[in-house]
Amino acid sequence: MSESAEPRHGGEIEPVRLPDADLESIEASVRKLLDQSAEQARMIDTLASVPPADPMAASMPFAGFPAMPSFTTPTPPPDPKPILELEGEEYEDEIAALTDWVDDHLMDVYGAEITTAAPWCEQWQEHLDVVAWLHALWMAYHQHKDAEAGPSGMFVWHRDFLTHCMAYVRAPGGPLSACQTDPDRAEHRLLRGPGPSARSAARESEAQTTGGTLAPDGAAL
């Protein structure tokens, strides 16, 4: 504890005498402050001489702070392709995933009884037009169940996609009309589609007669 300073008779103030323990504590504090000041000066010199690799680091006053995370724009997923544009293993993987969804979700929930008015085919994967319709329905399902579609997303999917797709695929005169119409009797038959038009047939016949080939525009070479 320091002694109180009292003026002498001549008006001079007598110097304060502190105990040795207090003097050592004050000296230690002063040395600590000087060390911190020197360390900060070294840090400032280092930051001023070395340009930061990350622009965000320039705003940091001192080294030793955790680096700011760098934000990069995520790579957008590839645009979905119509399944009939896929080939080879890519097509097989897509048809396998589509089959799982059709069997485990679509037909399990929305597959009404098989009748002559609503035929079905256990080999629907062989009907390319049916594959294309169901794949488009599947892609629309994923789009409209996403949170960004809002609360009405699934209603829009039911109204605008499910209803029209099933009405075409299972129509009495649709692509499966020659297949299973009795739930206890599985059938599968591909309907004969329209052949080439008379114009295309005539050009092909002309090319064969002249022994030439067809140009990209259909003319005989």
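In the predicted model, the residues of helix H2 that count as buried are Tyr91, Ile95, Leu98, Thr99, Trp101, Val102, Leu106 and Met107. The cover over these buried positions includes helices H3 and H4. Helix H2, which runs over residues 88–110, is not straight, for a kink of about 40 degrees is centred on valine 102, itself one of the buried residues of the helix.

The protein as a whole contains five helices and zero strands, and its elements follow one another along the sequence in the pattern α-α-α-α-α. Of its 221 residues, 20% count as buried. The exposed surface amounts to about 16400 Å², of which carbon and sulfur atoms supply 56%. When contacts between residues at least 6 apart in sequence are considered, 52% of them join residues at least 24 apart.

The packing of H2 against H3 was examined next. These two helices pack at an angle of about 75 degrees, with their axes 10 Å apart, which makes H2 roughly perpendicular to H3, since angles of 65 to 115 degrees are classed in this way. On the H2 side the contact is formed by Tyr91, Glu94, Ile95, Ala97, Leu98, Trp101, Val102, His105 and Leu106, and these residues meet Leu128, Val131, Leu134, His135, Leu137, Trp138 and Tyr141 of H3. Several of the H2 residues in this contact are also listed as buried, including Tyr91, Ile95, Leu98, Trp101, Val102 and Leu106.

Helix H2 also packs against H4, at an angle of about 95 degrees and with the axes 13 Å apart, so that these two helices are likewise roughly perpendicular to each other. In this contact Trp101, Leu106, Met107 and Tyr110 of H2 meet Trp157, His158, Leu162 and Met166 of H4. Trp101 and Leu106 therefore take part in the contacts of H2 with H3 as well as with H4.

The arrangement of H3 (residues 128–145) and H4 is of another kind, as their axes come within 9 Å and cross at roughly 175 degrees. This angle makes H3 roughly antiparallel to H4, because it lies over the 145 degrees that mark that class. The H3 residues in the contact are Asp129, Val130, Trp133, Leu134, Leu137, Ala140, Tyr141, His144 and Lys145, and they meet Gly153, Met154, Val156, Trp157, Phe161, Leu162, His164, Cys165, Tyr168 and Val169 of H4. Leu134, Leu137 and Tyr141 of H3 appear in this contact and also in the one with H2.

Helix H4 itself comprises the 17 residues 153–169, which at 1.5 Å a residue should span 24 Å, and the C-alpha atoms at its ends lie 23 Å apart, in agreement with that expectation. Within H4 there is nevertheless a kink of about 35 degrees, centred on leucine 162. The buried residues of this helix are Gly153, Trp157, Leu162, Cys165, Met166 and Val169, and what covers them includes H2 and H3. Trp157 and Leu162, both buried, are among the H4 residues that meet H2 and among those that meet H3. In contrast to these buried positions, phenylalanine 155, also found in H4, counts as exposed at 55% relative accessibility, because the cut-off for exposure is over 50%. The C-alpha atom of phenylalanine 155 is separated by 8.6 Å from that of histidine 144, with the two residues 11 apart along the chain.

Two positions outside the helices were also considered. Histidine 127 has its place in the loop between H2 and H3 and is buried, with a relative accessible area of 4%, which falls under the 20% cut-off. Residues up to four places away in sequence being set aside, histidine 127 touches Cys121, Pro175, Leu176, Cys179, His188, Arg189 and Leu190. Glycine 193, in the loop between H4 and helix H5 (198–210), is by contrast partly exposed, with a relative accessible area of 46%. The C-alpha atoms of glycine 193 and proline 175 are separated by 9.8 Å, the two residues being 18 apart along the chain, and proline 175 is also one of the residues touched by histidine 127.

Key. Residues are numbered from 1 along each chain as its sequence is written. This is a predicted model: local features need pLDDT of at least 70, side-chain atom pairs count only at pLDDT 80 or more; totals for chains, interfaces and linings use all residues. Side-chain values use heavy atoms; hydrogens and water are left out. Helices (H or I, at least four residues) and strands (E, at least two) are DSSP runs, numbered from the N terminus. The expected span of a helix is 1.5 Å times one less than its number of residues. The bend at a residue is the angle between axes fitted to the seven residues ending there and the seven starting there. Buried means under 20% relative accessible area, exposed over 50%, partly exposed in between (1.4 Å probe, protein chains only). Contact means heavy atoms within 4.5 Å. Accessible areas come from the Shrake-Rupley method with a 1.4 Å probe; for residues, only the protein chains shown count as cover. Axes are lines fitted to C-alpha atoms, for helices over the stretch in contact, and angles run from 0 to 180 degrees between N-to-C directions. Angles under 35 degrees count as roughly parallel, over 145 as roughly antiparallel, 65 to 115 as roughly perpendicular and the rest as oblique.
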